[in-house]
Amino acid sequence: MQQQDKAFSHSHPSTDGANAWDQVRHARRIVVKVGSSLVTNQGQGLDAAAISEWARQLSLIVRGGPQGGAGQGTDNGQRREVIMVSSGAIAEGMKRMGMARRPRELHELQAAAAVGQMGLVQMYETMLRHYQLGSAQVLLTHADMADRERYLNARVTLLTLLKRGIVPVINENDTVVNDEIRFGDNDTLAALVANLVVADLLIILTDQNGFYTADPRKHPEATKVHLAQAGDVALEAMAGGAGSAIGTGGMLTKVLAAKRAARSGASTIIAWGRERDILPRLMGGEHNIGSLLYAPMHKLQARKQWLADHLQLHGAVVIDAGAVSKIASEGKSLLPVGMVAVRGAFTRGEVIAIEDESGRQIGRGLANYNDQEARKLCRHSSDDIEGLLGYVAEPEMVHRDNLVLV
């Protein structure tokens with residue numbers, strides 16, 4: 001029976017189907033995840049031709065407009081920023097070490113990852129450099145995401161690389177993780193990275209051309225879900241089963257990754273990684289070459305909703321009338337020069353209240369500095385931060401994207 005595309009969307013006041021695909025074309029910060037079976041050609045070793053092809057496509061969407069023509073990447077003239085999350089280290093290590101099957105012992109998996117990571121990162125660096133793209137290797141563990149300080153450090157590092165036009169290539173640090181702390185699959189890792197950098201879009205390239213109502217390899221009557229809202233419980237009921245013998249993920253992990261990515265406002269596309277020009281065609285708005293699981297809320301709305309709903313505030317900064325006007329009327333960030341006092345104890349990255357001098361709370365946001373540092377910064381220009389603290393995390397105490405009025 002011929003497979004059919006299926007619309008599976010639910011109406012939402014801020015995002016409908018047509019609007020969701022239009023937002024894909026305007027996505028500026030994108031996380032692309034490629035699975036082991038694609039990177040290693042079903043476990044036969046790293047597929048140099050495939051990695052080269054994805055590097056070429058990345059260069060098109062970063063620099064050359066949606067379809068690879070002249071332009072700056074997005075309709076508003078801004079370059080796109082791309083992060084690559086790639087599986088394949090363990091699979092490549094297995095090949096180099098002569099392992100016929102994926103080992104079960106943790107130390108064997110860690111050894112394979114250590115050996116394979118050498119070849120994987122070298123291959124990406126070579127191919128991306130061929131297309132005039134700088135690259136950087138970033139290895140993450142669950143502990144990096146759970147620890148607030150390490151989380152913020154990872155975020156700042158990635159954002160700095162993107163600002164400089166470098167493509168971070170991310171993998172789980174399989175050489176040091178154990179069963180209790182590992183992500184378990186790079187679909188989850190890719191979603192966490194999308195949350196970390198507040199991406200607009202997550203693209204999961206896999207060995208199927210989208211998400212189906214059932215596994216099309218076993219159920220030929222299955223229909224492709226062309227469009228659905230991320231987090232819809234019906235999607236989880238349709239998905240399931242393990243991944244290939246090479247990878248660890250399955251379609252369920254991709255559906256759950258889309259649900260997680262949507263929490264920070266990122267939509268997810270699941271598509272076949274070997275489709276011709278898959279990345280520039282998706283970014284050009286082509287609808288029929290993947291499944292779009294859209295986030296029901298824009299990323300800035302999602303972030304500010306999370307801040308507004310945050311019940312536990314760890315402290316407060318008191319600001320003068322000029323800063324109140326800048327924040328409330330002009331939508332500006334909170335700079336240290338506008339702060340007159342600091343209350344409570346808080347660490348970098350915690351949610352704090354922003355109060356006027358009468359004690360009225362006017363907003364809340366994520367602190368870029370802890371309470372002791374903030375006290376030193378009161379009434380000082382952003383240019384003074386390095387001299388006062390010995391380093392600069394951000395020029396703002398609270399960035400406008402991490403600030404919501406109450």
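Which side chain makes a polar contact with the side chain of Asn186? In this predicted model, the partner is the side chain of Asn171, at 3.1 Å. Asn186 itself lies in helix α8, which spans residues 186–197. Its relative accessibility is 9%, so Asn186 counts as buried. Beyond its neighbours within four places in sequence, Asn186 is in contact with Lys33, Val85, Ser86, Ser87, Asn171 and Glu172.

Asn186 also carries an annotation. An unreviewed UniProt entry lists a "binding site" that covers Ser87, Asp174 and Asn186. Ser87 sits in the loop between β3 (81–86) and α4 (89–96). Like the cut-off for burial requires, its relative accessible area is under 20%; the value for Ser87 is 9%, so this residue is buried. Neighbours within four places in sequence set aside, Ser87 is in contact with Lys33, Val34, Gly35, Ser36, Val39, Leu120 and Asn186. Two of the annotated residues, Ser87 and Asn186, are thus in contact with each other. Lys33 appears among the contacts of Ser87 and among those of Asn186.

The chain as a whole was examined next. Its secondary structure comes to 15 helices and 14 strands. The chain has 406 residues, and 53% of them are buried. Among contacts with a separation of 6 or more, 72% are between residues 24 or more positions apart. The accessible surface comes to about 17,900 Å². Carbon and sulfur atoms account for 49% of that surface.

The nonpolar interior contains a largest core of 42 residues. Within this core, the residues with the most contacts are Val32, Trp54, Leu58, Met84, Ile203 and Leu205. Helix α3 (residues 48–63) gives the most to this core, contributing seven residues. A second core is separate from the largest one and has 26 residues. Leu192, Leu196, Leu202 and Ile204 are included in this second core. Met84 illustrates the packing around one residue of the largest core. Apart from neighbours within four places in sequence, Met84 is in contact with Val32, Val34, Trp54, Leu58, Tyr124, Val167, Pro168, Val169 and Ile170. Val34 is a contact of Met84 and also a contact of Ser87.

Charged side chains were considered next. The structure holds 22 salt bridges. One of them joins the side chains of Glu81 and Arg28, at 3.5 Å from N to O. Glu81 lies in strand β3, and Arg28 lies in the loop between α1 (17–25) and β2 (29–34). The pair therefore ties together parts that are 53 residues apart in sequence. Glu81 is buried, with a relative accessible area of 10%. Arg28 is partly exposed, with a relative accessible area of 28%.

Other salt bridges join residues at short sequence separation. The pair Arg375 and Asp371 has its closest N and O atoms 2.7 Å apart. These two residues are four apart in helix α14 (residues 371–377), so about one helical turn separates them. Arg375 is partly exposed at 39% relative accessibility, whereas Asp371 is buried at 12%. A further salt bridge links the side chains of Asp356 and Arg360, at 3.2 Å from N to O. Asp356 counts as buried at 12% relative accessibility. Arg360 counts as partly exposed at 47%.

Salt bridges also form a network. Glu53, Arg56, Arg276 and Asp277 are linked in this way. Arg56 lies in helix α3, the helix that gives the most to the largest core. With a relative accessibility of 23%, Arg56 counts as partly exposed. A polar contact of 2.4 Å joins the side chains of Arg56 and Asp277. Leaving aside neighbours within four places in sequence, Arg56 is in contact with Tyr131 and Asp277. The C-alpha atoms of Arg56 and Leu133 are separated by 9.5 Å, although the two residues are 77 residues apart along the chain.

Methods
Residues numbered from 1 in each chain as written. Predicted model: local features only at pLDDT ≥ 70, side-chain atom pairs only at ≥ 80, totals over all residues. Heavy atoms only, no water. UniProt positions renumbered as here; feature names shortened; annotations may be inferred. Buried < 20%, exposed > 50% of the residue type's maximum accessible area, 1.4 Å probe, protein only. Contact = heavy atoms within 4.5 Å. Polar contact = N/O pair within 3.5 Å; in protein donor to acceptor, adjacent residues only side chain to side chain. Core = buried A, V, L, I, M, F, W, Y, C linked by side-chain atoms within 4.5 Å. Areas by Shrake-Rupley, 256 points an atom, 1.4 Å probe, with all protein chains shown as cover. Salt bridge = Lys/Arg side-chain N within 4 Å of Asp/Glu carboxyl O.
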